[in-house]
Amino acid sequence: MALSLRRRVLPGFAPTLGFTLFYLSLIVLIPLAAVFLKSSGHGFEAFWAAATSPRVMASYKLSFGASLIAAAINLVFGLILAWCIVRYEFPGKKLVDALIDLPFALPTAVAGIALTALYAPNGWVGSLFAPGGLLAPLFGPEGVKIAFTPLGVLLALIFIGLPFIVRTVQPVLEDMETELEEAAASLGAQRWTTFRYVVLPTLLPALLTGFALAFARAVGEYGSVIFIAGNIPMVSEITPLMIIAKLEQYDYVGATAIAAVMLIASFVLLLVINGLQAWSSQRGGRK
């Protein structure tokens with residue numbers, strides 16, 4: 001009897017751990033280590049020069065800045081969208097729920113071309129903001145240009161990051177008991193008070209996880225951004241494009257140096273977000 005209780009469907013701890021470490025090393029650790037080894041092959045000075053040139057620094061600012069802003073915007077509207085899908089019934093609900101996953105299924109190049117055609121100065125939406133457009137006077141005599149600017153990059157990153165927030169928050173909302181909200185309302189709590197002290201503490205770990213996933217995806221996004229960015233040096237060049245440009249010039253040290261900087265920065269930001277997620281989970285458990 002004791003022997004049968006110790007049996008497991010999968011092999012024991014030692015072989016499963018060994019396979020896990022082997023697979024993790026093969027898929028993740030070895031390629032990441034190769035990035036750092038290749039970038040350091042010509043010394044620190046070459047690494048620093050390649051990773052901190054003015055053009056590359058401008059791409060860092062755009063890639064990380066736009067990714068953070070896009071993830072923050074998706075954090076708000078993704079929560080609203082998930083709340084609407086979970087808590088309300090309306091015509092076309094299943095269609096809206098299915099459309100959320102469209103950025104997952106749509107090839108990134110197709111998304112980039114579609115966004116560019118839509119927001120270009122002669123596109124359906126872009127023409128409204130271009131000089132002479134219906135909404136152009138709201139932004140001055142010259143209107144505002146969306147495609148081929150950092151604003152276009154931001155819109156593309158919002159498009160590809162929204163599903164991460166919705167799909168992370170949605171199951172938590174589905175499992176959340178509405179009785180707590182009703183009890184708070186019966187005690188006289190206002191809607192904002194109920195959301196802040198009852199709903200938000202439960203959703204916070206999921207929100208932080210979705211934010212981290214959306215940010216990580218946006219930082220490394222290439223296909224859907226490359227068309228709408230315009231790739232103007234020092235203005236709308238994203239960091240993945242700089243890596244591709246270095247590779248096309250056979251500057252492998254420069255490409256891996258930029259990749260290493262992106263890897264370190266992304267890892268630090270994700271570590272901070274995961275730490276906040278763990279802290280919020282512990283805080284919620286103590287309550």
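## A walk through an all-helix chain

Start with the whole chain in cartoon view: you'll find 14 helices and 0 strands. Keep in mind as you look around that this is a predicted model. Follow the chain from its start and the pattern is α after α, right to the end. Its C-alpha trace spans about 65 × 60 × 30 Å along the principal axes.

Now switch on the surface. The accessible area comes to about 17000 Å², and 71% of that belongs to carbon and sulfur atoms. Of the 287 residues, 35% count as buried. As for how the chain meets itself, take the contacts between residues at least 6 apart in sequence: 72% of them join residues at least 24 apart.

Next, select residues 60–273. UniProt, in an unreviewed entry, lists this stretch as "domain: ABC transmembrane type-1". It is 73% helix and 0% strand, and its end C-alpha atoms sit 20 Å apart.

Time to colour by charge. There are 18 positive and 15 negative charges, and their mean positions are 7 Å apart. Side chains of opposite charge can pair when their charged atoms come close. How many salt bridges does a search of the whole structure find? The count is 6, and a few of them make good stops.

**Stop one: E237 and R55.** Show both side chains and look for the closest N and O atoms, which are 2.5 Å apart in this salt bridge. The partners come from distant parts of the chain, 182 residues apart: E237 is in the loop between α12 (223–229) and α13 (239–248), while R55 is in helix α4 (residues 54–87). Which of the two is buried? E237 is, because its relative accessibility is 6%, below the 20% cut-off. R55, at 38%, counts as partly exposed.

**Stop two: D101 and R167.** Here the closest N and O atoms of the salt bridge are 2.9 Å apart. This pair also links distant parts of the chain, with D101 in the loop between α5 (93–99) and α6 (102–105) and R167 in helix α9 (residues 150–175), 66 residues away. Both ends are partly exposed: D101 has 29% relative accessibility and R167 has 23%. Before moving on, add D97 to your selection, since D97, D101 and R167 are linked in a network of salt bridges.

**Stop three: K246 and D251.** Finish by selecting these two, whose side chains meet in a salt bridge at 3.8 Å, N to O. Is K246 buried or exposed? At 18% relative accessibility, K246 counts as buried, whereas D251 is partly exposed at 28%.

Definitions and conventions:
Residues numbered from 1 in each chain as written. Predicted model: local features only at pLDDT ≥ 70, side-chain atom pairs only at ≥ 80, totals over all residues. Heavy atoms only, no water. Helix = DSSP H or I, 4+ residues; strand = E, 2+ residues; numbered from the N terminus. Buried < 20%, exposed > 50% of the residue type's maximum accessible area, 1.4 Å probe, protein only. Contact = heavy atoms within 4.5 Å. Areas by Shrake-Rupley, 256 points an atom, 1.4 Å probe, with all protein chains shown as cover. Lys, Arg positive; Asp, Glu negative; His and termini not counted. Charge placed at Lys NZ, Arg CZ, Asp CG, Glu CD. UniProt positions renumbered as here; feature names shortened; annotations may be inferred. Salt bridge = Lys/Arg side-chain N within 4 Å of Asp/Glu carboxyl O.
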